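I opened a fresh page for this one and jotted things down as I looked them up. Here are my notes, in the order I made them.

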Amino acid sequence: MKRITIGLLGAAVSLSMTLGSVQAGTLDDVKRKGHLTCGVSTGLPGFSNANSKNVWSGLDVDVCRAVAAAVLGDAGKVKYTPLTAKERFTALQSGEIDMLSRNTTWTHTRDTSLGINFAGVNYYDGQGFMVSKGLGVKSATELNGAAVCIQAGTTTELNLADYFSEKGMKYKAVVFDTSDQSVKGFESGRCDVLTSDQSQLYALRIKLVNPGNAVVLPEVISKEPLGPVVRQGDDAWFNVVKWSLFAMVNAEEMSITSANVDSKKSSSNPGAKRLLGGDAGGKLGLSSDWAYNIIKQVGNYGEAFERNVGKGSPLKIGRGLNALWSKGGLQYAPPVR
Amino acid sequence: MTDLKNPSLAPPVTTVGIMGWMRQNLFSTPLNSGLTVLAVAFIYLLLVPFFQWAVWNADWTGSDQSACTSGGACWVFINARMELFIYGFFPTSEYWRVDLVFALLAVLIVPQFFERFPHKGWIGFFTLTGFPVLVYFLLVGGSFGLEPVESGKWGGLMLTLVLAFVGIVAALPIGILLALGRRSEMPVIRTICVCFIELWRGVPLISVLFMASVMLPLFLPDGVNFDKLLRALIGIVLFQSAYMAEVIRGGLQAIPKGQYEAARALGLGYWKSMSLIILPQALKLVIPGIVNTFIALFKDTTLVLIIGLLDILASVQSAIVDPAWGSVSTEGYLFAAFSFWIFCFSMSRYSQALERKLETGYQR
């Protein structure tokens, strides 16, 4: 019996074994396969979620598409692997995916001990608070004694404790298992305050029966820089992912959009010329129109932001920290030179 | 003989008809009357608002959130995202392949519900052997001019059915072999089977799936990668076959020793006596147990959502967070529950019909 089982297992393994060599360098690997395998979340509105046409869309998905556009010249050549929070790093380490773009917070432990590298930040998130308008609270410092709805086992729980003890305030934690449940708890009045990452708070607010009754407070009590991740020890690939993101930010800085990229390409602006042509692509092991493809097919960072989480989406998140450095935000890309 | 002068009186109104029935069954004692009133009030308070929400006040037609204005259930949402719930991310142009599989499955299953149907046995045999192979080629593609569809694009009801069907088709034969092995007189085979069963039955399915998705890839050599869906499938099959083995062992133990001896007296070897005498009786005895395991397996397939496979429940969960829709989680979960209920209920009905048909004198 056992022999049969082992035989079956062996047959299954050998049948479906794909002998792609991770060692050979992910960039060559992706070029040879003709598609990029990108790990995304199983469903986070605005970042990676199936849209009404059953196509993956979102800010994280756009990073995958940008890399595919840069490497393969076609933003559509991406295979998405939906991953849960627990399996995301394993999938990357084992070579199941080429890159991970799954609202992953860049932390010291992850960067140093998991054999992975963060290739940049595509969204600066932070923990915030949502209260109902009726409460009349304008700032998180007025929340002394409040009942707070949180999700169990997340860093939000720890951040919350830190923040309240630092301010010398008291709170009562009402713990839920999923974000869905915590919204229901907030709605039914079991707590005065709902806390989570700000990007999530906006998404959760839409799920309230009466979204207009809730406001997100301005305070941000933690740093959650989210960004794409690659395996450590493959610097060529690391550069490709990093500069695909930088190309989007640089394009916004130079006001190059998917609409005007063709006219900008033939303009005399030296910065735009270096980005859209020249030898920048060659140094990355890509073709010279790598950035042109990204901007033409995916758009610049601002376009991707507004389309997925900003004005063009139901989330209506303001740019805030994610505005360009020249407009008071943190998005800053080294020059293409 | 009837007395014409004094015809017998009609029975009192309170003992016949609806009134009589109610008096007898619902209001026979003060306690029963009280309980009846309570139950009616409970049903009224619970069901009326539910139907008001789910049927009378519900929105049925439209294409987006703006159609959901009446305050009741927003079934528009289910309708609009139906493709995701049924096909997952399967390419739209290839939907016909999934439809064909669904249609074939229905065509193959329907004869089993009829008492007499020509070649019923062969149809059943094909459903369990040829059909899975056919499904494999249809869904995976890559041969016969079909476009390959990687398993990452499978999802929704289709994925749930694939998981459940493969689990059922593979777990039953493996379970039978394990059960026979556990009762074998050969010590090595017996020990191996006992260890296998106790190991797989002793760990939760959720940890088997985690092992398959999180640990296994780390043990494999670099560059060796095998499909996440396949890993989950193997985990489910091994897990369920251990359960199945114990159910079938129960049937084997219920067969009197005389049957074994009679089979041997007829000169039948081990496999012949098992397949002709023992197993047909044993399997019939444990039909409720087998179907119970199947139904449990069908529902257990939803656990794959923790390893990022988007089965019907997971695709509902990913759709209800879509910011383009308002608060639609209740509708989504109700839809998922109803889909599961349909399949599990029909399995249960089929097993009851099968028991009646195979009834040979055990009934009390």
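**The open sheet.** I started with a five-stranded sheet in chain A of this predicted model. Reading across, I get the order β10-β9-β11-β8-β12, the sheet is open, and the pairing is mixed. At the edges I find β10 (171-176) and β12 (214-216) of chain A; each has a single partner strand, so one side of each is left without a neighbour in the sheet. From one strand to the next, I noted a twist that averages 30 degrees.

**One pair inside it.** I then picked out β8 (residues 127-132) and β11 (residues 193-197) of chain A, which run antiparallel and are joined by 5 bridges. To fix the register, I wrote down that G128(A) stands opposite S196(A) in β11(A).

**Helices on the sheet.** Which strands does helix α6 of chain A touch? I find that α6 (residues 155-166) packs on the sheet against β8, β9 (146-151), β10 and β11 of chain A, and its direction makes about 155 degrees with that of β9(A). Helix α8 (residues 198-206) of chain A also packs on the sheet, where it touches β8, β11 and β12 of chain A. For α8 of chain A, I have an angle of about 125 degrees to the direction of β11(A).

**Domains of chain A.** Next I checked the domain division: domain 1 of chain A takes 21-124 + 226-317, and domain 2 takes 127-222. I have 32 Å between the centres of these two domains, taken over C-alpha atoms. How many residues are in contact across them? The count is 8 residues of domain 1 of chain A with 4 residues of domain 2 of chain A.

**A parallel pair.** I moved on to β1 (residues 36-41) of chain A, which pairs with β4(A) in the parallel sense over 6 bridges. Here T37(A) stands opposite K79(A) in β4(A). Is β4(A) mostly covered or mostly open? Covered, I would say: 5 of the 6 residues in β4 (residues 78-83) of chain A are buried.

**The core.** In the largest nonpolar core, I count 171 residues, and those touching the most other members are V67(A), V71(A), V193(A), V240(A) and I294(A). The element giving the most to this core is helix α8 (residues 156-182) of chain B, with 17 residues. I followed up V240(A): leaving out residues up to four places away in sequence, V240(A) touches L27(A), V67(A), A70(A), V71(A), L284(A) and L286(A).

**A66(A).** I found A66(A) in helix α3 (residues 59-72) of chain A. Why does A66(A) count as buried? It has 32 C-beta neighbours inside 10 Å, and 20 are enough for that label. Beyond four places in sequence, A66(A) is in contact with S244(A), M248(A), I294(A) and V298(A). I also noted W290(A): its C-alpha atom is 9.3 Å from that of A66(A), although the two are 224 residues apart along the chain.

**Chain A overall.** I closed the chain A page with totals: 14 helices and 14 strands, and 48% of the 337 residues count as buried. The C-alpha trace spans about 75 × 60 × 40 Å along its principal axes. I have a radius of gyration of 22 Å, which agrees with the value near 20 Å for a compact globule of 337 residues. Among contacts between residues at least 6 apart in sequence, 72% join residues at least 24 apart.

**A look at chain B.** Last, I noted domain 1 (13-56) and domain 2 (75-90 + 149-357) of chain B. Their centres are separated by 41 Å over C-alpha atoms.

Notes: Residues are numbered from 1 along each chain as its sequence is written. Chains are lettered from A and ligands numbered from 1 in the order in which they are written. This is a predicted model: local features need pLDDT of at least 70, side-chain atom pairs count only at pLDDT 80 or more; totals for chains, interfaces and linings use all residues. Helices (H or I, at least four residues) and strands (E, at least two) are DSSP runs, numbered from the N terminus. The radius of gyration is taken over C-alpha atoms; the globule rule is 2.2 Å times the number of residues to the power 0.38. A residue is buried if 20 or more other C-beta atoms lie within 10 Å of its own, exposed if 12 or fewer, and partly exposed in between; C-beta atoms are placed from the backbone. Two residues are in contact if their C-beta atoms, placed from the backbone, lie within 7 Å. Two strands pair if DSSP finds at least two bridges between them. Axes are lines fitted to C-alpha atoms, for helices over the stretch in contact, and angles run from 0 to 180 degrees between N-to-C directions. Domain bounds come from an automatic or database domain assignment. A nonpolar core is a set of buried Ala, Val, Leu, Ile, Met, Phe, Trp, Tyr and Cys residues joined through C-beta atoms within 7 Å.
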